[in-house]
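Q: I would like a close look at a single part of this model, taken slowly and as one connected account. Please begin with the structure itself.

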Amino acid sequence: MKRDIQKILIDEDVIHKRVAHLARQFQRDCIDNGIETVTVVILLKGALLFAADFVRHLDMKIQVELVNASSYNGGTKSSGVVALDRTPDVLNKDVLLIDDILDTGLTMTTVRKQLLEAGAASVTTCVLLDKRVSDYSCDFTGFDIPNEFVVGYGLDYQGHYRNLPYVGVLNPSCISI
Ligand code: PRP
């Protein structure tokens, strides 16, 4: 699997330090805003690893909701339609919405809107990677990255590579057109 990676973009140590920092920053913001309990909505499957590491750095009460959101269907281009399997109960709750990557921004903006329509008191957005393609910026961002197709630390190509501990660029020869 490792030989399919052309280059490592963000290594494991750098990811872990940044995730811990982001979580501390988020918690400080909650304290400043008088928020004691947060409902963390994790967008599967990509955000699984990031969110699992992030929440372990929070020293506060949280509830976790998992939502399956997909638009790339395993490939390299968005279908333009975000399919959600469910809308969690977020009525009057302060929500932290976590995803792995902001590309076109369609997923984050669509789900954020749905959660607000479902009655969330507030929705804070958090993403590990931002390709700086979308006009939308999340409230918390781990890393800005170049507009390349990346895998690892939750991100996939055709369902594979999610378990790599780093974020890397896939060798173009591994991408079927
Ligand atoms: C990926 C990724 C984000 C979304 C970002 O999901 O996990 O949710 O695309 O792209 P966007 O900003 O253009 O909407 P994908 O459809 O690949 O599903 P997955 O999380 O199950 O891999």
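Q: Which element gives the most to the shell around the ligand, and with how many residues? Please describe the site as a whole along with that.

A: In this predicted model, β5 gives the most to the shell around the ligand, with four residues, while β3, β5 and α3 each supply at least two residues of that shell. There are 18 residues around the ligand, and S71, D99, D100, T104 and T107 come nearest; by character, the shell divides into six nonpolar, six polar and six charged residues.

Several polar atoms of the protein lie beside oxygen atoms of the ligand. A backbone N or O atom of S71 is 2.6 Å from a ligand oxygen, and an N or O atom in the side chain of D100 also lies 2.6 Å from an oxygen atom of the ligand, whereas for D156 a polar side-chain atom is found 3.1 Å from a ligand oxygen. The ligand on its own has 490 Å² of accessible area, of which the protein covers 93%.

The ligand sits in the largest pocket, which holds about 550 Å³ of space. Of the 29 residues that line this pocket, A69, Y72, D100, I101 and D156 lie nearest its centre. β5 (94–102) supplies at least two residues of the lining, as do β2 (37–44), β3 (61–70) and α3 (106–117), and β5 gives the most, with four residues. The lining of the largest pocket comprises eleven nonpolar, eleven polar and seven charged residues.

Methods:
Residues are numbered from 1 along each chain as its sequence is written. This is a predicted model: local features need pLDDT of at least 70, side-chain atom pairs count only at pLDDT 80 or more; totals for chains, interfaces and linings use all residues. Side-chain values use heavy atoms; hydrogens and water are left out. On a 1 Å grid over the protein atoms alone, a cavity is a set of points where a 1.4 Å probe fits but cannot get out, and a pocket is an open set with protein on both sides within 12 Å along at least five of seven lines; lining residues have an atom within 4 Å of a point. Grid points are joined across faces, edges and corners, and a volume is the space filled by probe spheres set on the points. Ala, Val, Leu, Ile, Met, Phe, Trp, Tyr, Cys and Pro count as nonpolar, Asp, Glu, Lys and Arg as charged, and the others, Gly among them, as polar. A residue is near a molecule or strand if one of its heavy atoms lies within 4 Å of it. A polar contact is a pair of N or O atoms within 3.5 Å; within protein, one must be able to donate a hydrogen and the other to accept it, and residues adjacent in sequence count only if both atoms are side-chain atoms. Accessible areas come from the Shrake-Rupley method with a 1.4 Å probe; for residues, only the protein chains shown count as cover. A molecule sits in a cavity or pocket if more than half of its atoms lie within 2 Å of its grid points.
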